[in-house]
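Trainee: I am new to this structure and would love a close look at one part of it. Could you walk me through it slowly?

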Amino acid sequence: MKVAFQMDPISSIDINADSTFRLAEEAQERNYQLFFYTPDKLASVDGKIIANGHDMYVQKVPGKAAVLSDAREICLSDFDVIWLRQDPPFDMHYITTTHLLGRLKGQSLVVNDPFWVRNLPEKLFVLDFKDFIPPTMITSDLNLLRAFKELHRDIILKPLYGNGGAGIFRLDVHDRNLKSLHELFSTISHEPLIAQKFIPDVAKGDKRIILVDGIPIGAINRVPEVGETRSNLHAGGKPEKISLNQRDIEICDTIGPLLRKKGQIFAGIDVIGEFLTEINLTSPTGIQELERFDKINVAAMIWDKIEERLK
C-alpha cells in the first residue's frame with residue numbers, strides 16, 4: 001500500500017506523543033510505502049492533484065523522527081491512502097486543502113473524509129447534539145455576549161476556530177474583561193467567538209474519547225495544572241488513565257454512527273463532566289497516551305478499518 005501524509009514539518013514532532021508519527025510507525029510495520037509532504041506543497045495542475053515531498057522512513061530517534069529522500073513530485077491519485085493530518089488553525093488555507101483533496105474521491109481514500117472535515121467544524125458540529133452540550137453561544141455581537149455572561153455568570157470564551165487551548169479565557173462573576181477581550185479578538189480576526197457556561201468539573205479533568213470508525217475504544221483524562229482552566233496537553237494538561245462511564249457511552253452511541261457514515265475514521269470527542277464540548281476531526285490526538293494506559297494498539301485498529309474501507 002502507498003500512503004501519503006499531509007502534515008506539518010515532521011522534524012518538530014514529539015515522537016513519544018504525536019499521533020501522526022504513531023500512525024506512520026504502524027503503517028511502516030505493515031510494509032506500506034510512506035510519503036511525506038507539507039500542506040504548502042499541495043497543488044492542482046491541469047486537473048491533477050500533486051504534491052512535492054519525500055519518501056519517508058520513520059524512526060523513534062529523538063530529534064530525527066524520519067529519514068527523508070530527496071524531494072520529488074508525485075500524483076496523489078497514485079496513492080491508496082492520503083492522511084489529512086496538519087494541525088489547525090482551521091483557516092482558508094486549511095479549507096483549500098480539503099477542497100483539493102476532495103477531488104481525489106473515487107481515486108484515493110483520504111482520511112478523514114475532507115468534505116466532512118470541512119463541513120463539520122469541531123466547535124460547530126456539537127450544536128447538532130444540544131442535549132449533550134452546555135449552554136453555548138456563537139456570535140461576534142458584544143451585547144449578546146454580555147447577556148450570555150449575565151445569565152450564566154461564569155463562562156468560557158474562546159475563538160471559534162482555535163486549537164490546542166490557545167486563546168481560552170474563563171470569565172467568572174468578578175471578571176470585567178469581556179469588552180477588552182472582544183476588542184482584542186476583533187482586532188485579530190473577524191471570525192465569531194464561542195462562549196460556553198463554565199463547567200466546574202473541568203478541575204477533575206477533560207476526557208478525550210477516541211473513536212475509530214464511530215466506535216469508542218477508550219479515553220484519556222487531561223487534568224489542568226493547578227490554577228489553570230485549560231486542560232489541553234499543549235497547554236500543560238497532564239494525561240491520566242480513565243474509563244468510560246454510562247454518560248460517555250450514551251454520547252458515543254449518538255455521535256458514532258454519524259461519524260462512521262461521514263467517513264471520519266479517526267475522531268476524538270471531549271467530555272467535561274456530563275457535557276460534550278468538542279468533536280475533533282481535523283487532527284485528533286491521544287493515540288500514544290491511550291496505548292500506554294490501556295495496553296492496546298490504537299494505530300493498528302485505525303489501519304484495520306482503513307483496509308476494510310479500501311476493500
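How many bridges join S2 to strand S4, and do these two run parallel or antiparallel?

Mentor: Happy to help, and please keep in mind that this is a predicted model. Strand S2 and strand S4 (residues 48–58) are joined by 2 bridges, and the two run antiparallel. Across this pairing, Phe36 stands opposite His54 in S4.

Now look at the pairing of S2 with another strand. Strand S1 (residues 2–6) pairs with S2 over 5 bridges, in the parallel sense. Within that pairing, Val3 has Leu34 of S2 as its bridge partner. To get from S1 to S2, the chain passes through helix H1 (residues 19–29), and this β-α-β crossover is right-handed.

How enclosed is S2 itself? The strand spans residues 33–37, and 4 of its 5 residues are buried, so S2 is largely enclosed by the rest of the structure. As a general point, side chains in a regular strand alternate between the two faces of the sheet.

A residue outside the strands is also worth a visit. Thr97 sits in helix H2 (residues 92–102). Thr97 counts as buried because its relative accessibility is 3%, below the 20% cut-off. Setting aside neighbours within four places in sequence, Thr97 is in contact with Gln6, Pro39, Leu42, Leu84 and Gln86.

Helix H2 also takes part in the second largest pocket: H2, strand S8 (109–111) and helix H3 (114–119) each supply at least two residues of its lining. That pocket holds about 300 Å³ of space. Its lining has 18 residues, divided into 8 nonpolar, 6 polar and 4 charged.

Methods. Residues numbered from 1 in each chain as written. Predicted model: local features only at pLDDT ≥ 70, side-chain atom pairs only at ≥ 80, totals over all residues. Heavy atoms only, no water. Helix = DSSP H or I, 4+ residues; strand = E, 2+ residues; numbered from the N terminus. Buried < 20%, exposed > 50% of the residue type's maximum accessible area, 1.4 Å probe, protein only. Contact = heavy atoms within 4.5 Å. Pairing = 2+ DSSP bridges. Right-handed = clockwise from strand over helix to strand, strands pointing away. 1 Å grid on protein atoms, 1.4 Å probe; cavity = no way out; pocket = protein on both sides within 12 Å on 5 of 7 lines; lining within 4 Å. Points joined across faces, edges and corners; volume = space filled by probe spheres on them. Nonpolar A, V, L, I, M, F, W, Y, C, P; charged D, E, K, R; others polar.
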